[in-house]
Amino acid sequence: MIKGYLITYNTLSAFFWGCVLVRLLVLYPLVGPKFVAGGMAEFTRNVQTAALLEAVHSALGLVKSPIVTTVMQIASRLLLVWGVVDRFPEVAQSPIYSTMVFAWSVTEVIRYSYYALNLARGSVPKAIVWLRYNAFFVLYPLGAGSEVLLAYFALDDAQAFDPRYALFLKAVLLIYIPGFYVMYTHMIKQRRRVMKNLGKRPVKQE
């Protein structure tokens with residue numbers, strides 16, 4: 001029952017993030033980066049908010065993902081979609097919004113597809129394993145860097161809205177420095193272990 005639920009959750013998550021990616025790729029050349037958020041910010045926000053279930057899964061022991069790293073990633077993204085883009089929509093007129101969503105959506109299509117296939121089949125095609133443990137070298141800095149820039153762009157509006165909120169965003173920007181190091185090195189360690197065994201046996205979910 002739990003396995004069936006997790007297969008369904010990961011499959012739907014891969015699908016909806018695929019929808020985010022397709023919408024971005026259609027809107028960007030059609031309306032330009034300034035108007036991309038107007039056509040997809042709400043949908044992207046809702047898809048990302050659904051990821052709160054991952055923290056529940058980790059807390060209940062349904063998956064082996066570390067609760068700390070899971071919460072760190074979800075919290076930073078929720079801050080961006082709710083606390084920056086939704087509150088100060090003008091910052092999303094920057095092309096940086098598009099690079100952020102691109103990095104998020106490609107990452108999540110790969111990640112959720114990996115999980116769904118692993119749960120359903122007990123193994124994952126090597127091409128998807130390779131993407132899962134190598135694409136982050138580019139996608140994670142692109143996504144995290146875009147998040148930092150959007151939060152930075154919002155500081156003036158946040159100051160006008162409430163100086164305490166601006167101070168909060170500044171504190172978050174400082175946290176990104178050690179947070180990025182923790183997450184990036186965690187993924188590198190996972191990659192080293194998985195890639196070492198990639199040619200030896202089917203890869204099980206981490």
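## Group meeting talk: a chain built from helices

Ser98 is buried, with a relative accessible area of 4%. Hi everyone, that is my starting residue today, and we will come back to it. Please keep in mind that what you see above is a predicted model.

Let me begin with the overall picture. The chain contains 9 helices and 0 strands. If you read along the sequence, the pattern is α-α-α-α-α-α-α-α-α. The radius of gyration is 17 Å, close to the 17 Å that the globule rule gives for 206 residues, so the chain is as compact as a globular protein of that length. Taken along the principal axes, the C-alpha atoms fill a box of roughly 55 × 35 × 30 Å. Of the 206 residues, 46% are buried. And if we take the contacts with a separation of 6 or more, 76% of them join residues 24 or more positions apart.

Now, back to Ser98. This residue is found in helix 5. Which residues does Ser98 touch, leaving aside its neighbours within four places in sequence? They are Leu24, Tyr28, Pro33 and Val36. Leu24 and Tyr28 are on the helix 1 side of a helix pair, while Pro33 and Val36 are on the helix 2 side. That pair is where I'd like to go next.

Two packed helices are described by the angle between their axes and the distance between the axes. Here, helix 1 covers residues 2–31 and helix 2 covers residues 33–49. At what angle do the axes of helix 1 and helix 2 cross? They cross at roughly 170°, and they come within 8 Å of each other. That makes helix 1 roughly antiparallel to helix 2.

Who meets whom there? From helix 1 we have Phe16, Trp17, Cys19, Val20, Arg23, Leu24, Leu27, Tyr28 and Val31. From helix 2 come Pro33, Phe35, Val36, Gly39, Met40, Phe43, Thr44, Val47 and Gln48. Sorted by class, this contact has 14 nonpolar, 3 polar and 1 charged residues.

Take Met40 from that list. Leaving aside its neighbours within four places in sequence, Met40 is in contact with Val20, Arg23, Leu24, Leu27, Tyr97 and Val101. Met40 also brings us to the core of the model.

In soluble globular proteins, nonpolar side chains tend to be buried together. In this chain, the largest nonpolar core has 40 residues, and Met40, Tyr97, Leu150 and Leu169 touch the most other members. Which elements give two or more residues to this core? They are helix 1, helix 2, helix 4 (67–86), helix 5 (95–121), helix 7 (136–153), helix 8 (155–161) and helix 9 (163–197). Helix 4 gives the most, with 7 residues. Apart from this core lies another one, of 7 residues, among them Val124, Tyr133, Val194 and Leu198.

Let me finish with a few more residues you can click on.

Stay in helix 5 for a moment and find Ile110. Is Ile110 buried or exposed? At 15% relative accessibility, Ile110 counts as buried. Leaving aside its neighbours within four places in sequence, Ile110 is in contact with Ile128, Leu131, Arg132 and Ala135. Ser146 is 36 residues from Ile110 along the chain, and their C-alpha atoms are separated by 20 Å.

Next, Lys34, which has its place in helix 2. With 47% relative accessibility, Lys34 counts as partly exposed. How far is the C-alpha atom of Lys34 from that of Gln93? They are separated by 4.1 Å, although the two residues are 59 apart along the chain.

Gln73 sits in helix 4. Its relative accessibility is 24%, and Gln73 therefore counts as partly exposed, since buried means under 20%. The C-alpha atoms of Gln73 and Gly179 are separated by 9.2 Å, with their positions 106 residues apart along the chain.

Finally, look in the loop between helix 8 and helix 9, and you will find Asp162. Asp162 is at 19% relative accessibility and so counts as buried, because the cut-off is under 20%. Its C-alpha atom is 16 Å from that of Leu79, and these two residues are 83 apart along the chain.

So, as you turn the model, try tracing helix 1 and helix 2 as they run roughly antiparallel, and then look for Met40 in the largest nonpolar core. Thanks for listening!

Key
Residues numbered from 1 in each chain as written. Predicted model: local features only at pLDDT ≥ 70, side-chain atom pairs only at ≥ 80, totals over all residues. Heavy atoms only, no water. Axes fitted to C-alpha atoms, helices over the stretch in contact; angles between N-to-C directions. Helix = DSSP H or I, 4+ residues; strand = E, 2+ residues; numbered from the N terminus. Parallel < 35°, antiparallel > 145°, perpendicular 65-115°, else oblique. Contact = heavy atoms within 4.5 Å. Nonpolar A, V, L, I, M, F, W, Y, C, P; charged D, E, K, R; others polar. Core = buried A, V, L, I, M, F, W, Y, C linked by side-chain atoms within 4.5 Å. Buried < 20%, exposed > 50% of the residue type's maximum accessible area, 1.4 Å probe, protein only. Rg over C-alpha atoms; globule rule 2.2 N^0.38 Å.
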